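Open the model in your viewer and keep the selection panel at hand. We will go from one selection to the next, with a short look at what each one shows.

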Amino acid sequence: MNEFLRKLLFLPPQLSQHARDVDGLHFFVIITTMVAGLLIFATALVFMIRYRRRQEGESTPEVQPKHWHEAVFVGVPLAFFLLWFAIGYPQYVETTQPPPGAMDVFVQGKKWMWKFAYQGGPSSLDVLRVPVGRPVRLLITSRDVIHSFYVPELRLKQDALPGRYTQTWFQAEQPGRYQVFCAEYCGLSHSGMLAELVVLPAAEFDAWIADQRRGEARAQDAALSAGEQALPGSSILEQGRRVAADQGCLKCHSVDGTRHIGPTFIDLYGRQEKLTTGEVITADEAYLTRSMMDPAAQLVAGYQNVMPSFQGRMTPPEVAAVVEYIKSLKTPAVAAGPSEGPVYEPTPRK
Amino acid sequence: MSQHLESSPPVYAERNYLNTPATGLKSWLTTLDHKRIGVMFLIATLFFFAVGGLFAMLIRIELLTPGPTIMDAMTYNRLFTLHGVVMIFLFMIPAIPSGFGNFLLPIMVGAKDVAFPRLNLLSFYIYLLGAVIALGGMIYGGADTGWTFYTPYSTTTTTKVVPILLGAFILGFSSILTGLNFIVTVHTLRAPGITWNKLPLFVWSIYGTSVIQILATPVLGMTLLLVAIEHAFGWGIFDPGRGGDPVLFQHFFWFYSHPAVYIMVLPAMAVISEVVCAFSHKNIFGYKAVAYSSLGIAFVGFFTWGHHLFTSGQSAFNAGIFGVLSMFVGIFTAIKIFNWVATMYRGSISFKTPFLYFIGFLFFLFFGGMTGIALATVSLDIHWQDTYFVVAHFHFIMVGSTIMAFLAALHYWWPKITGRMYNERWGLVGATLVVSGFVFTFLPQFLLGNEGMPRRYFNYPERFQALNVASTAGASVLGIGFLIILIYILVSLKYGPVAGPNPWGSRGYEWLTPSPPPLENFDVLPAFERGPHEYHELPGSESAAPGAGTSHA
């Protein structure tokens with residue numbers, strides 16, 4: 001019954017007890033609504049057929065309600081409404097009260113990415129790893145505008161507000177990979193602000209977080225994309241790549257030539273770029289640096305002025321590292337295999 | 001006294017508001033006649049409805065495929081913002097109160113005009129000014145904030161927000177002035193014989209609307225001004241980076257915009273109460289319940305705004321209070337639905353185009369209302385908030401019922417306004433297409449929301465595509481329906497048969513005067529002995545059967 005109704009209503013799988021509870025209320029609401037609707041519209045239909053106009057100028061009697069009519073009209077729906085509320089409200093209150101001992105994950109929304117940080121330092125971009133069967137508390141905030149953390153399978157959503165923390169919690173019951181959406185409109189790439197919830201078996205998660213804490217696998221989340229050149233040992237490039245990932249450059253600038261919100265980084269250095277003013281410039285170190293500090297000053301034709309200034313948000317060595325990193329991105333590159341692709345359907349970009 | 005008006009064949013009133021005192025453009029632009037001002041509002045709001053509808057069609061076409069279909073992300077974001085702004089501020093809020101309300105309310109209270117005719121004309125020009133500034137802002141660049149203007153996005157975006165904010169700010173004054181005018185008119189200009197309990201239900205609902213307009217609109221004006229100030233001068237009011245509070249904006253905004261939903265729905269209910277009586281040819285079941293529930297909605301509607309903020313980190317206590325209060329506002333709507341259905345009992349139901357729209361209205365109001373109650377259970381809202389479920393819900397309750405009522409009103413009062421009848425057969429075709437098109441546009445969106453597709457998404461995972469295509473297909477049917485209506489209604493202006501004073505056999509006061517009405521509304525003021533919804537035969541009089549059904553019907 002649960003599965004039948006869930007599929008009938010296009011609801012995603014239920015990843016937690018909370019999701020099952022909410023769906024239970026959903027089914028109760030929809031069944032009572034349909035029954036009530038059927039009664040009302042069947043009554044209306046009977047009236048329409050029975051009292052259709054048979055000849056013009058018919059006269060009709062005056063019919064006035066009795067007090068009990070109005071009492072029923074008010075009482076019956078109100079009883080159902082309050083019953084629904086009595087079921088739904090405690091479900092909501094439960095999501096605001098994490099059980100003691102829940103694992104904390106700090107969630108930071110930022111145009112247009114999600115950063116997840118664990119106690120003790122490990123963090124990852126756009127991938128939230130959690131263990132199965134353990135409560136996880138999310139402490140959510142935003143770096144810029146309002147975002148909203150949303151996982152349909154958990155039936156859970158919580159806004160990420162700049163300047164304050166909000167919280168919610170869940171306990172996932174099935175290992176697997178699920179999509180995280182941004183549900184609060186946040187601008188140009190709102191629909192691209194997707195992340196992945198990876199629910200791991202507890203042992204696997206413990207091993208992963210231990211690895212992270214030892215710093216052995218820190219680069220895992222920023223694994224090289226297709227076409228990105230691996231230059232082991234060159235620390236400034238490594239730093240530049242990490243800064244570019246951390247600051248979110250790579251959310252809008254691809255490194256494999258894919259057209260995205262900003263110009264691709266690959267082969268950018270030394271390229272002749274046509275600006276919105278019609279002027280053609282060479283993308284040299286000065287241009288790259290200036291574009292980070294004052295993106296609107298020399299905008300490449302065909303792109304929107306949406307990049308924020310990074311003035312004061314990066315140290316000079318970091319800026320230099322990013323420039324060096326961009327300079328290192330050249331074709332033909334060794335085609336490194338892509339990192340393990342997400343299992344959810346990627347959103348195609350045409 | 002109305003008997004001579006009901007004799008056939010129907011007559012077109014030669015001396016009417018359309019040709020007195022003059023017919024030139026200048027006489028229209030400087031008119032103080034509430035009927036002409038109402039007609040100008042109708043024309044203007046219909047124009048903006050077409051503009052907003054065009055935006056909607058472009059949005060639906062864009063969403064046919066994931067990724068760019070006919071436009072880029074920036075254009076899409078601007079379009080859904082403009083669609084919302086145009087439809088809400090330029091069409092739905094003014095359409096029924098300022099359009100039909102202006103035309104009908106003074107006639108329905110037996111007055112010659114509204115209490116402040118000059119203010120009424122000013123209200124129209126303020127509306128035009130606001131519309132021009134908002135439209136100018138759209139052409140000049142267009143904001144990409146969504147019609148909700150949530151901060152701090154709206155105060156940090158690089159797009160041009162200020163003109164549209166200013167436009168909406170100015171439009172608010174038009175709303176306030178019209179509301180003020182109606183309240184004073186109802187209190188002071190009722191003709192002898194029209195007591196409060198003999199007021200048409202249309203007037204009751206418009207009165208409730210006016211109260212909300214006066215009390216809530218200033219809050220919107222203030223809020224929009226604050227956003228414009230923060231955007232333009234960088235004051236820290238809502239932006240936490242400058243010491244402000246972003247959620248404060250949401251409280252301010254919904255304190256207006258939730259009652260604004262009732263500014264849109266109450267006039268729709270106003271129309272429907274008239275239509276259901278006229279076409280059931282019967283008295284309304286529970287006049288007082290229907291009348292007072294309008295005031296109940298107007299009052300309780302002010303205390304439910306927090307149900308828009310269940311996910312924004314307000315306390316669980318607040319969420320509970322706002323949730324329960326939202327249940328109560330639903331009750332007033334339930335009362336009306338039951339009373340309208342019961343009105344058909346032992347009636348004499350005529351299935352004309354307005355009645356078809358009444359059925360559509362009942363459908364959208366019921367399912368839109370019930371989904372609203374479901375959203376107010378809080379835990380379900382957490383899943384649905386900001387998904388297509390909410391989009392479908394408010395299009396059902398707010399747009400569906402408003403458009404149904406607007407079209408019902410257009411067809412019901414068309415003969416009164418123009419003196420001519422539209423083509424009934426095409427009317428039924430149009431109504432069928434619009435109602436079914438609307439259902440097929442938004443039913444898939446309920447399911448999309450269940451599945452988890454957030455709103456305002458330019459791009460979406462491929463698993464959402466089938467339902468999006470279905471929705472766009474529904475929107476095409478809807479569009480065709482509107483085109484058909486536009487064509488036959490324009491044709492009827494010239495070729496429609498003459499309607500006569502009361503083609504529907506209605507008891508409403510506005511049908512006691514010729515069509516189109518004379519400049520002073522009534523040649524001779526009727527005595528208003530019978531209530532506007534009384535259809536039963538008076539004891540001892542056999543001639544009281546209303547002169548229904550003129551020959552062409």
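**First stop: two domains of chain A**

Between domain 2 of chain A and domain 3 of chain A there are 0 residue pairs in polar contact, counting pairs with both residues at pLDDT 80 or more. That cut-off is there because this is a predicted model. To see the two parts, select 103–210 of chain A for domain 2 and 230–328 for domain 3. The remaining part of the assignment, domain 1, is made of 2–50 + 67–95.

Place a centroid on the C-alpha atoms of domain 2 and of domain 3 in chain A, and the centres come out 27 Å apart. The contact uses 10 residues of domain 2 and 9 residues of domain 3. Together the two domains of chain A bury about 760 Å², with 59% of this on carbon and sulfur atoms. Salt bridges between domain 2 and domain 3 of chain A also number 0. Now color the side of domain 2 that touches domain 3 by residue class: you should find 5 nonpolar, 2 polar and 3 charged residues.

**Second stop: where the chains meet**

Show both chains and select the contact, which draws 83 residues from chain A and 109 residues from chain B. About 8100 Å² is buried between the chains, and carbon and sulfur atoms give 67% of that.

Which side chains form the salt bridge here? Zoom in on Arg164(A) and Asp245(B), which meet at 2.8 Å, N to O. The interface of chain B and chain A has 1 salt bridge by the rule, along with 25 residue pairs in polar contact, both residues at pLDDT 80 or more.

Next, display the helices on the chain B side. Those supplying at least two residues each to the side that touches chain A include H3 (73–108), H8 (246–280), H10 (316–343) and H14 (424–451). H10(B) gives the largest share, 17 residues. By class, the side of chain B that touches chain A splits into 60 nonpolar, 36 polar and 13 charged residues.

**Last stop: along H14(B)**

Select H14(B) by itself. This helix has 28 residues and spans 41 Å from first C-alpha to last, close to the expected 40 Å. At its start, look for Asn423(B): a side-chain oxygen of this residue comes within 2.9 Å of the backbone nitrogen of Arg425(B). Then go to the other end, where Gly452(B) follows the helix with a positive phi, near 110 degrees.

Methods
Residues numbered from 1 in each chain as written. Chains lettered and ligands numbered in written order. Predicted model: local features only at pLDDT ≥ 70, side-chain atom pairs only at ≥ 80, totals over all residues. Heavy atoms only, no water. Contact = heavy atoms within 4.5 Å. Buried area = accessible area lost by both parts, 1.4 Å probe. Salt bridge = Lys/Arg side-chain N within 4 Å of Asp/Glu carboxyl O. Polar contact = N/O pair within 3.5 Å; in protein donor to acceptor, adjacent residues only side chain to side chain. Helix = DSSP H or I, 4+ residues; strand = E, 2+ residues; numbered from the N terminus. Nonpolar A, V, L, I, M, F, W, Y, C, P; charged D, E, K, R; others polar. Expected span 1.5 Å × (residues − 1). Domains from an automatic or database assignment.
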